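Colleague: I'd like to learn how to read a model like this one. Could you walk me through it, feature by feature?

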Amino acid sequence: MKKIFLIIITLCFIMTGYSQKVNQQDSIVINNIYNTALLDGASYDWLDYLSNQIGSRLSGSLGAELAVTYTEEQLNELGLDKVWLQSVMVPKWTRGIAEFSYIETSPGVTSTTNVCALGGSVPTPHGGLKAGVVEVTSFEELEELGREKIEGKIVFYNRPMQANLIQTMRAYGGAVGQRYAGAKEAAKYGAVGVVVRSMSLRMDDFPHTGVMSYGDTTENLKIPACAISTNGANYLSATLKLQPNLLFYFNQNCRTHKDVQSYNVIAEITGSEFPNKFIVVGGHLDSWDLGDGSHDDGAGCVQSMDVLRILKKTGYKPKHTIRVVLFMNEENGLRGGKKYASEAKRKNEDHIFALESDAGGFTPRGFSFDMNGGSFEMIQNWKPLFKPYLINIFEKGGSGADIGPLKKEGLILAGLRPDSQRYFDHHHAANDTFDAVNKRELELGTAAMTSLVYLFDKYL
Ligand SMILES: [Zn+2]
């Protein structure tokens, strides 16, 4: 008995010693990764070019095309093993001339508001649309009011994002249905247009666009939909209480065109031991058209590119093939993500881990893992390695829209989780610009992602 006890104790010592050694080695590598990201990072300069020289990158736009060329060029300069473009047909929607809107409280007495067309919306009739307004906060309310109260009116969806949710992504999830399906639902009751409160937690004058869908609504029943700034929404709501018969006017000239040719941009470092097993890190190269898409998702793209550059720069030789994928068309179609997954399936490529950064370039707090199979315990054991860098969220949950289509048994998907408190101040609005991204915060995200990719490569 005593002997067995001694053996167990000895084994414990050996194992602890071993794991300490492993951790020590890993902390040195991770420290080196952080040093490289903070002292010699490339992500901020790349983002500067993408944002300030190219600008917005909506699918099918010139900006998107230039971004493909630029990122391919930059990846080529890194001396990686392979860089290529994967062709994908994408939708093309254009905003046209700037939208215009006002509230009319009595004939000729108007106050202008800030609106923008929702992505995918039809235009207003020539000369604009003017009608009475019905304010609701849910689809249930819409149903209760029914055709009698809604026909011929503009439906104004005014349910704010819930401010007491700490994870603002959840608040977004709780409100975004109004934007996505608002027009489709209102059209069922004969509404002529839709105005949606912007998906933002801040009070300001920026309207936030984003994708909407008509579902299977027939062509002649599609009604124009726009977003109004949060200040505008409060003003409209308050004015409606005083003057329920006010009229709202908006004019938008957006259009849907034929699909156009575009590309996912892909580069890889070939694995030294398992070249046919793939680790993917990525973001989406397209953005909405109002700002320059610095947070959404220029940040995720340049961080992902820098993951490969830093691994190479620090002399790390990955066992598995590590790919960066800059997906096209996440915002209004997800065609790039779907294309990448279907090509991977067709070529029988064995993906073992995929990480996406698409939640802004803010201070990283951790990662969210979407996995069935695989050991979450192994991942949680890495937590102490990230402690010096103030990364502490290791939770199960979602990952990223673009890598979602890859999902299959055994594959671990993950999303970088930056601090989300200011994300929706900028998301899909004209103030999603380069100056809103902090260099250090962006680079810390890059370093956290590189470290996680390193650990997966080593331990999977
Ligand atoms: Zn995004």
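Colleague: Let's start with burial: what percentage of the residues of the chain count as buried?

Modeller: Buried means under 20% relative accessible area. This is a predicted model, and 56% of its 460 residues fall in the buried class. The accessible surface comes to about 20000 Å², with 54% of that area belonging to carbon and sulfur atoms.

Colleague: How does the radius of gyration of the chain fit with a compact globule?

Modeller: The idea is to set the value beside the one expected for the chain length. For 460 residues a compact globule would have a radius of gyration near 23 Å, and the chain has 25 Å, so the two agree. Along the principal axes, the C-alpha atoms fill a box of roughly 90 × 50 × 40 Å.

Colleague: And what is the chain built from, in helices and strands?

Modeller: There are 12 helices and 16 strands. To see how the chain is tied together, look at sequence separation: among contacts with a separation of 6 or more, 82% join residues 24 or more positions apart.

Colleague: Where does pLDDT stay under 50?

Modeller: pLDDT is the predictor's confidence in each residue. It stays under 50 over residues 12–18, and the model gives that stretch 0 contacts beyond four places in sequence. For the chain as a whole, the mean pLDDT is 95, and 95% of residues reach 70 or more.

Colleague: Let's go to single residues. Is Ser-59 buried or exposed?

Modeller: With a relative accessible area of 1%, Ser-59 is under the 20% cut-off and is therefore buried. Ser-59 sits in the loop between helix 2 (43–54) and helix 3 (62–77). Beyond its neighbours within four places in sequence, Ser-59 has contacts that include Ala-64, Val-90, Pro-91 and Lys-92, as well as Asp-286, Met-328, Asn-329 and Asn-332.

Colleague: Which residues is Ala-429 in contact with, leaving aside its neighbours within four places in sequence?

Modeller: They are Phe-206, Pro-207, His-208, Leu-290 and Gly-291. Ala-429 belongs to the loop between helix 11 (423–426) and helix 12 (439–459), and its relative accessibility of 1% makes it buried. As for distance, Ala-429 and Glu-65 lie 364 residues apart in sequence and 21 Å apart in space, C-alpha to C-alpha.

Colleague: Now the backbone. What should I expect of phi and of peptide bonds in general?

Modeller: Most residues other than glycine have a negative phi, and most peptide bonds are trans. With that in mind, turn to Asn-348, where phi is near 60°, a positive value in a residue other than glycine. Asn-348 is in the loop between helix 8 (335–346) and strand 13 (350–356), and at 70% relative accessibility it counts as exposed.

Colleague: What is phi of Leu-390, and where does that residue lie?

Modeller: Phi of Leu-390 is near 60°, again a positive value in a residue other than glycine. Leu-390 lies in the loop between helix 10 (383–386) and strand 15 (393–396). Its relative accessible area is 65%, so Leu-390 is exposed.

Colleague: And which peptide bond is cis?

Modeller: Look at the bond from Asp-296 to Asp-297, which is cis, with omega near 0°. Asp-297 is part of helix 7 (residues 294–313).

Colleague: Last topic, charge: how many positive and negative side chains are there?

Modeller: The chain has 46 positive and 51 negative side chains, and the centres of the two sets are 6 Å apart.

Methods
Residues numbered from 1 in each chain as written. Predicted model: local features only at pLDDT ≥ 70, side-chain atom pairs only at ≥ 80, totals over all residues. Heavy atoms only, no water. pLDDT = per-residue confidence, 0-100. Contact = heavy atoms within 4.5 Å. Helix = DSSP H or I, 4+ residues; strand = E, 2+ residues; numbered from the N terminus. Rg over C-alpha atoms; globule rule 2.2 N^0.38 Å. Buried < 20%, exposed > 50% of the residue type's maximum accessible area, 1.4 Å probe, protein only. Areas by Shrake-Rupley, 256 points an atom, 1.4 Å probe, with all protein chains shown as cover. Lys, Arg positive; Asp, Glu negative; His and termini not counted. Charge placed at Lys NZ, Arg CZ, Asp CG, Glu CD.
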